[in-house]
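User: I would like to learn how to read an interface between two protein chains. Could you walk me through one?

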Amino acid sequence: MSERLDVLILDDEPIVGKRLKPALAKIGCEVEIFVNSNEALDRINEKEFDIVVTDIRMENIDGLQVLEHVVKKSGRTKVIMLTGYAMMAVAREAMEKGAFDFIAKPFKPDDLRKIIAKAAKALGSPIDFNASDAGND
Amino acid sequence: MENGKQKELRTLEGHYDRIESIEVARKALLDRKRMSMRFLMYLCFSLVFLIALGTAVILIITNSRVEKKLRFLEITNDLTVEISQARRFEKNFFLYGTNLNDALENIYHAKNILDQNRSELKKILGKDEHERIISSIISNINHYEILIDRLIKTEPSQMVSPKFHSTKKEIEAELRKYGREMIAFAQDLMKKERESLRRILSLSRNLHIYSLIFLLIFLMFVAYLFGSRLLSHINRFTTYAQRIASGNFTPITPTRRYRDEFTDLALAINQMTQELEEHEATIVQSHKMRAVGTLTAGVAHELNNPLNNITITAHMLLEDYDTMNKDEHIDMINDVINETDRSKKIISNLLDFARESSSQVESLGLEKLLRDTVDLASNQLKLSGIKISFQTTGNLPRIHGDGQQLQQVFLNLILNAVDASSKGKKIQILLVPADEPNYVAVKVIDTGKGIPEHIIGSIFDPFFTTKGKGKGTGLGLSVSQGIVGKHGGRISVSSREGAGAIFTVILPITTIPDKIMHQQVLL
Amino acid sequence: MSIIIIASDSYKTGREISEKVAEAAGYACMDRELLKSVSEKYNAPEGKLIRALEKPPSFMGLTSKLRNLYLAYIQEVTLSRLLEDNVVCHGLAAHLYILGVSHALKVRILSDPERLISEMTAQENVARKKAINLIKKRKALRKRWSIACFNMDENEPSGYDLVISLSQIEPDEAVKTVVDTVGYRKFKPMTYSIKCLKDKELAGRVRAVLMKNFSDVKVQANGSTVIVETRALKRDKQKKTEAIKKLAGEIKDVGIVEVHVFKDIFRQAVESDR
C-alpha cells in the first residue's frame, strides 16, 4: 500500500459522492465530495488533487469547464469524466481537452475503481486494486 | 381506470355532439322551401316568353283594328263617291238639263252601301254614334232622293209653266243644301276615321318601342338577379373554404330563406369537413408522436442518472452489507426506492403526454401547463445544453381549451427553438396579458439563428420545412396553428436573421365556460 | 491505441493507402484476408462473402436473407479483431457498422478520378466514355448496397471524420494526414468507447448465432444485457421468444436477454387472406 491518493468527486447527484466515497476509500483514496461546481473549483484552486472525478452535465459550470480549469492549473492531475449523456462527440471533446478517461453512467463502482487504479499507475503511485476485490467477494 | 373510462365516454360524447351538430346543420339546410336556380331560370324564361306573347297579342289586336278602320274608310269612301256622282248628275241637270235618273241611281247605290254595311258600321262606330251619324246621313239622303224624285216628276209637265222656274230654283237650293250636308257628313266621318287610324298606328308603334324597352329592363334585372345570386354564393363558399383552411370546421348553416343547388354543395362540404377533422386528428396525433420520439432521446439520457445512483448504491450495499449497520442498510435501500420513483416520474411525464386522448375542453391555468411543458422538454434542453427560463406576470385568468393539444403546441415551439439555438443559448418563455384585451399571450423567445426574411411568410404552410430530409415533416407549425386557431387564438412570429425569433401565441380568456364549450362542440 | 477505418471508392486505392497507413503508424492491417477465417469459421464460400460486401441483392445474386447472414458473419469476426486495437481496417464495411465509437477514426479516400478511369478502361477493356459511365453506375450501386444493408449512404461525407481526395493530395500526404489525425487525443480509447465497441462485439456474436435461425432479428447489447427485436405472428410469439432466449443465453458474456416481438403485419395480412 503506497501513499494515499487525493481524489475529488464532483457530481450534482448527491448519491454519487455519498456512495463512491467509501468505495474509493477502500482502495486507499482520500475523497472529497462536492455537488456544486463552483465550490469544487474553489477547492481545486486551494489544493492539488491527484484525481478529479467530475460529472459533465451540471448547472452553471459544466464538467468540461472544470476539466479545462484543472488541466490549466495542474497538468499532473488526472481528470475522469462521468456522464449520463454520453455521446461520441462529447467523449472526443473531453479527451481532446485532456481528460484521462471517460465513463458513461450507469457504471459499477468497480468500473471506476479500475480507472482510478489505472490513473494511479499513470501517476507513478500504483495502488492495490485487489483491496477492493477482497471486499467484493 | 375509472378516470380513463370517463375520459373515453366524454370523448365519445364529444364525437356524437359533433356528428349531431352536422346533422342539425343538415336539417336546417334542408328544412327550407326549395327554390333552385334551375327553377328560377325557368321562371324567368317563362316570364320573358309571356311578355313577348302579350306584346304579340296586343299587336294582333291592333292590326285587326287597323283593318277594320281601313274597311270603314273604304265604305265611307264608296259612299262619298256615290254621293258625289249623284251631285255631279244633279249639277249637269241644272246646267244642261241632262237626265236626273242617273243621280237617282247613285243615291240608290249610296243607300245600298249604307244598308249593306249597316251592321258593320254599327260595330265600328258603336251603337249611339251610329244612330246619330247614320240616321242623319240617311235622313239627308232620303230628303235628297225625295227632292230629285220631285224634280223628275215635275219636269216634263211643268217645263213651260212660269211656276216651274221658281219651283226648280227652290228645289235646287234645297238639293244643294242636302247634297252639301251629305258630303260634309261623309267627309267628316272619313276624317274622324283617319284620325283614329293614325292614333292606332302610333299606339302600335309606341307599343313596339315600349315592349322592347321593358324587355331590355327585365332581362337586365334577370341577369343582375342571377349574377348577384351566383356571385354571392361563390363569395360565401370562398369564405367557407378560407374558414375551413384556417381550421375552423363549423358546419355551414342556412343563410337564405330558400334552398337551392348550393345547398347540396353546402351539405357535401359539411360532410367533407367532418372527414377532414377526423384526418386532422390523425395528423395531430402523429405529429405528437414525433415530438415524443424527439423527447425520448432526452429521457433515455436523463434516466441514466437515477439508474447510476441505483447501480452504485446496490453494488455498495452488496459489497459492504456485513460491515454496515441496519440504519445504513435502510438509508441505502431508501435511496434505491427514491431513485426508482424518480425514474418512474421521468418516464411517466413523457408517457402521459404520449397517451392518445381525444380532445376534451377544460378550464386551464396556462402557468401550470407551461411549467409542465418546460419540464417535459427539460431533458431535451439539458441534452442540447440550452437553458430555459419561464416568467409570468402572474395572476392571469384561466382559459378554456384542450390542455394536451395546447401543450403540444408549446412543446413544438420550444423544440423548434432548441433546434434553432446552439449550445449555451437561452430560451425564454413569457406568459403575459396580450396587447388585445381579453387575450393572454405566450411568447417563446430564442436567440438562435433566426428565420430568414424570405421564408418567414411560409413557415406556417403545411410541409414547409427548413430541416433536412427525414428530419422534419414540415407540419409542426401548421398543426400548431390549426390547434391554436381552434381555440380562437393566433400564432404570430417576428424574427431577425441571426438574432433569434419570437413566436407569440395569443389565446382568448373565457369568462363564460359554457360558451366556449358550446363553440368547441361546433368546431 | 486507436482504430483507423478506411473506406474508398476503389478497393485497390483503399488497400494501398491502408497498408501505407498501417506501416507508418505501426498498426496491424486488416483487410479481406480476414474473409478466409470467416469462411472457415462459418463454412461460407469466400466468393459469396465478397459478393455480399459488394453488390446489392438482386434476382441473380444472393438473396437478401443470405446476404444479411454473410454480412453478420463478417461483422462478427471483424469486430472481435477490432477489440485488439491498433488496427487499420479496410474492405470489411466497418465504416457502416462501427458507429459512435470515439476511438475509431473513419477515413474516406477518394481515388484520383483519372486513375479510376484508366483502371476501369483497362479492367473492362472499354472506351473512356464508357468507363466514366461504368464508374458512375458503380457509385450508384454502392449507394444502393449501403442503404440496403446498413440503411446508410456510404457516399455521404458526413459519415466520416476525414475525407481525402487523391485528385490533388498525393497518397503519401494522405497517409501522413491520417496518421497525424489519429494521433489527436480525441481518438484515444477510453472506458466509454471501449465499452461501446465491446457492446457491438457482443451484439455481433449474438447476431451471427441468431441469424442462422431467424432472418429478421436486430440485436443490441449493453454490458451483458442483450436486446433482440424481431417480428412474429401472435401465436408464434412465445415460442420464438423462448427460442431466442435459449440460443442467445448460451453465448459467452450474455447475461439478460430481452426479446421485443413486433407484430408481423405482413405475414398476418398474407395469412388472413387464406
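Analyst: We will take the contact between the chains first, then some helices and single residues. This is a predicted model, in which local features need pLDDT of at least 70 and side-chain atom pairs count only at pLDDT 80 or more, while totals for chains, interfaces and linings use all residues. Residues are numbered from 1 along each chain as its sequence is written, chains are lettered from A and ligands numbered from 1 in the order in which they are written, and side-chain values use heavy atoms, with hydrogens and water left out.

User: How many residues does each chain bring to the contact?

Analyst: Contact means heavy atoms within 4.5 Å. Here chain B gives 25 residues and chain A gives 24 residues.

User: And what is the area buried between chain B and chain A?

Analyst: Buried area is the accessible area (1.4 Å probe) that two parts lose on being put together, summed over both. For chain B and chain A that comes to about 2200 Å², with carbon and sulfur atoms giving 51%. Three residues, B:Asn308, B:Ile312 and B:Glu319, supply 26% of the area that chain B buries against chain A, more than any other three residues.

User: How many salt bridges are there across the interface?

Analyst: A salt bridge is a side-chain nitrogen of Lys or Arg within 4 Å of a carboxyl oxygen of Asp or Glu. The rule finds eight across the interface of chain B and chain A. In one salt bridge, the side chains of B:Glu319 and A:Lys26 meet at 2.7 Å, N to O.

User: Which elements of chain B give two or more residues to the side that touches chain A?

Analyst: Helices (H or I, at least four residues) and strands (E, at least two) are DSSP runs, numbered from the N terminus. On the side of chain B that touches chain A, the elements giving two or more residues are helix H7 (261-320), helix H8 (326-354) and helix H9 (366-384) of chain B. The largest share, 15 residues, comes from H7(B).

User: What kinds of residue make up that side of chain B?

Analyst: Ala, Val, Leu, Ile, Met, Phe, Trp, Tyr, Cys and Pro count as nonpolar, Asp, Glu, Lys and Arg as charged, and the others, Gly among them, as polar. The side of chain B that touches chain A divides into five nonpolar, eleven polar and nine charged residues.

User: Now to H8 of chain B: is B:Ser343 buried or exposed?

Analyst: Buried means under 20% relative accessible area, exposed over 50%, and partly exposed in between (1.4 Å probe, protein chains only). B:Ser343 lies in helix H8 of chain B and is buried because its relative accessible area is 9%. Leaving aside neighbours within four places in sequence, B:Ser343 is in contact with B:Leu303, B:Pro306 and B:Ile310. B:Lys344 is also found in helix H8 of chain B, but B:Lys344 counts as exposed because its relative accessibility is 57%.

User: What do the buried residues of H1(A) pack against?

Analyst: The buried residues of H1(A) include A:Ile15, A:Leu20 and A:Leu24. In chain A, the buried residues of H1(A) pack against strands S1 (5-10), S2 (29-34) and S4 (78-83) and helix H5 (109-123), together with H7 and H8 of chain B.

User: How far does helix H1 of chain A reach?

Analyst: The expected span of a helix is 1.5 Å times one less than its number of residues. Helix H1 (residues 14-25) of chain A has twelve residues and reaches 17 Å from its first C-alpha to its last, close to the 16 Å expected. H5(A), with 15 residues, reaches 21 Å, close to the 21 Å expected.
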